[in-house]
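Trainee: I'm new to this structure and would like to get to know one spot properly. Could you pick a single pocket and take me around it slowly?

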Amino acid sequence: MRAINVIYQSVKERLPITVEQFAEALKDWEFVELEQESELIGAVMLKDNEIHVGYSQKPKGSIRKHISQTLKKVIDEYGSAVTTVAESNERGLRFCNRLGFVEINREQGKIYLKCDRCKYD
């Protein structure tokens, strides 16, 4: 539940649901906690080859290595990883592009992205 709370903090402004509803919607997802200086600051959500990253606070340094390790595992297992970003989330889109995601579709305010190879080794 710790990881779900962290992810919820990063999206609660955009989603009109409670943390309990959020947790119920994500009951089939796996979470990889992202820690910095022994403090939980974010998490990676995984379901099959779909991946999402969220933070409750801005990292003090780069944690790209931790995210890229998880991304590489997904790509090794499934051949690619996918994610979505709201069209209004320019920062999130730049982050995904830096990791190696490319746009494959736009629909109903969402940008669909795919990554065949992580840019960070």
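Mentor: We'll go around the second largest pocket, then step outward from its walls.

Keep in mind that this is a predicted model, where local features need pLDDT of at least 70, side-chain atom pairs count only at pLDDT 80 or more, and totals for chains, interfaces and linings use all residues. Residues are numbered from 1 along each chain as its sequence is written, and side-chain values use heavy atoms, with hydrogens and water left out.

The second largest pocket has a volume of about 180 Å³. (A pocket is an open set of points on a 1 Å grid over the protein atoms alone, where a 1.4 Å probe fits, with protein on both sides within 12 Å along at least five of seven lines; lining residues have an atom within 4 Å of a point. The volume is the space filled by probe spheres set on the points, which are joined across faces, edges and corners.)

Around its wall you meet Glu30, Val32, Leu46, Lys47, Asp48, Thr70, Lys73, Val74, Glu77 and Tyr78. Sorted by class, that is five charged, four nonpolar and one polar (Asp, Glu, Lys and Arg count as charged; Ala, Val, Leu, Ile, Met, Phe, Trp, Tyr, Cys and Pro as nonpolar; the others, Gly among them, as polar). Helix α3 gives the most to this lining, five residues, and β1, β2 and α3 each bring at least two. (Helices, H or I of at least four residues, and strands, E of at least two, are DSSP runs numbered from the N terminus.)

Let's stop at Thr70, which sits in α3. Thr70 is buried, at 9% relative accessible area (buried is under 20%, exposed over 50%, partly exposed in between, with a 1.4 Å probe and protein chains only). Leaving aside residues up to four places away in sequence, Thr70 touches Val32, Val44, Leu46 and Ile51, a contact being heavy atoms within 4.5 Å. Val32 and Leu46 are on the pocket's list as well.

Asp48, another lining residue, is a different story: it lies in the loop between β2 and β3 and is exposed, with 52% relative accessible area. Its phi is near 55°, a positive value in a residue other than glycine. Most residues other than glycine have a negative phi.

Now follow Thr70 to its partner Ile51. Under the same sequence rule, Ile51 touches Val44, Met45, Leu46, Thr70, Leu71, Ala81, Val82, Thr83 and Phe101. Ile51 is also among the residues with the most contacts inside the largest nonpolar core, along with Leu71, Ala81, Phe101 and Leu113; that core has 19 residues (a nonpolar core is a set of buried Ala, Val, Leu, Ile, Met, Phe, Trp, Tyr and Cys residues joined through side-chain atoms within 4.5 Å). Two or more core residues come from each of β2 (39-47), α3 (64-78), β4 (81-86), α4 (90-99) and β6 (110-115). So α3 and β2 feed both this core and the pocket wall; nonpolar side chains tend to be buried together in soluble globular proteins. A second, separate core of 12 residues includes Ile7, Phe22, Ala43 and Met45.

One last look at α3: Ser68 lies in this helix and is buried, at 2% relative accessible area. Its C-alpha is 22 Å from that of Asp28, 40 residues apart along the chain.
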